[in-house]
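Q: Could you take a close look at the surroundings of the ligand in this model? I would like a careful account that then follows the chain outward from there.

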Amino acid sequence: MSDADIKKRSTMSVHFSSKTDNWATPQDFFDAVNDEFSLLWDVCASHENAKLPFYWTRDQDGLSADWRGKRVWMNPPYGSEIGKWVEKAATGGAAIAVCLLPARTDTRWFHRHIYGNPKAEMRFAKGRLKFGGAATSAPFPSMLVIFRQRRGSNSAVPG
Ligand SMILES: C[S@@+](CC[C@H](N)C(=O)[O-])C[C@H]1O[C@@H](n2cnc3c(N)ncnc32)[C@H](O)[C@@H]1O
């Protein structure tokens, strides 16, 4: 293996594993999403990579913040906590939570919170995303999952 291959591989191993939680959303992809959904809060961000005017960082802990009634963007850390983030998006009371996730349809979080959930809309990305800072496209497929609040079945019926 050449030096260039070794360098490329080690770069990939940082970018394309759960060792990093900095898979920055490609800006053009985010812009198209935000044109459609008009989001306000980036719940997993740093000061450098926040996509929206309001955001929470690791120190502020977006996972335990109050999402109720908010229009939320979530591209979470892809490590072992990802199920907690998906659970929060599904049940945390956001007006809308638009989530960029690895399309891992064999996972517990996918089956528990997304698959078969009438509040969850799934959109599977065609091709692979090239995340910010990565030299190559991701080695996994991505999906957008949109959780929308629905009025409770006991809400008032007009008339
Ligand atoms: C995949 S990146 C998303 C970056 C950016 N928001 C975007 O969509 O491009 C995940 C970000 O979540 C941040 N993060 C990790 N734990 C967090 C927490 N508990 N609360 C808020 N942000 C957190 C990481 O520092 C990282 O910047």
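**The ligand shell and the sheet behind it**

A: Sorted by class, the residues of the shell around the ligand comprise eight nonpolar, seven polar and five charged ones; the model is a predicted one. In total, 20 residues surround the ligand, and the closest of them are Thr25, Cys44, Arg58, Gly62 and Asn75. Two strands, β1 (41–45) and β2 (54–57), each contribute at least two residues to this shell, and β1 gives the most, namely three residues.

Both strands belong to an open sheet of six strands with mixed pairing, in which the order runs β2-β1-β3-β4-β6-β5. The edges of the sheet are formed by β2 and by β5 (120–124), each of which pairs on one side only. From one strand to the next, the twist averages 20°. Within the sheet, β4 (residues 96–102) and β6 (residues 142–148) pair in the antiparallel sense over seven bridges, and isoleucine 96 stands opposite arginine 148 of β6. Helix α3 (residues 82–91) packs on the sheet and touches β3, β4, β5 and β6, with a direction that makes about 155° with that of β4.

Two residues in loops that adjoin β1 or β2 deserve attention for their backbone geometry. Most residues other than glycine have a negative phi. Aspartate 61, which is found in the loop between β2 and β3 (71–74), departs from this pattern with a positive phi near 60°. Aspartate 61 counts as exposed because 11 other C-beta atoms lie within 10 Å of its own, where the limit for an exposed residue is 12 or fewer.

Serine 38 is the other such case, placed in the loop between α2 (27–37) and β1. Although serine 38 is not a glycine, its phi is positive, at about 50°. Serine 38 has 8 C-beta neighbours inside 10 Å and therefore also counts as exposed.

Taken together, the path from the ligand leads through β1 and β2, which each supply at least two residues of its shell, into the six-stranded open sheet, while the loop before β1 holds serine 38 and the loop between β2 and β3 holds aspartate 61.

Key: Residues numbered from 1 in each chain as written. Predicted model: local features only at pLDDT ≥ 70, side-chain atom pairs only at ≥ 80, totals over all residues. Near = placed C-beta within 6 Å. Helix = DSSP H or I, 4+ residues; strand = E, 2+ residues; numbered from the N terminus. Nonpolar A, V, L, I, M, F, W, Y, C, P; charged D, E, K, R; others polar. Buried ≥ 20, exposed ≤ 12 C-beta atoms within 10 Å, placed from the backbone. Pairing = 2+ DSSP bridges. Axes fitted to C-alpha atoms, helices over the stretch in contact; angles between N-to-C directions. Contact = placed C-beta atoms within 7 Å.
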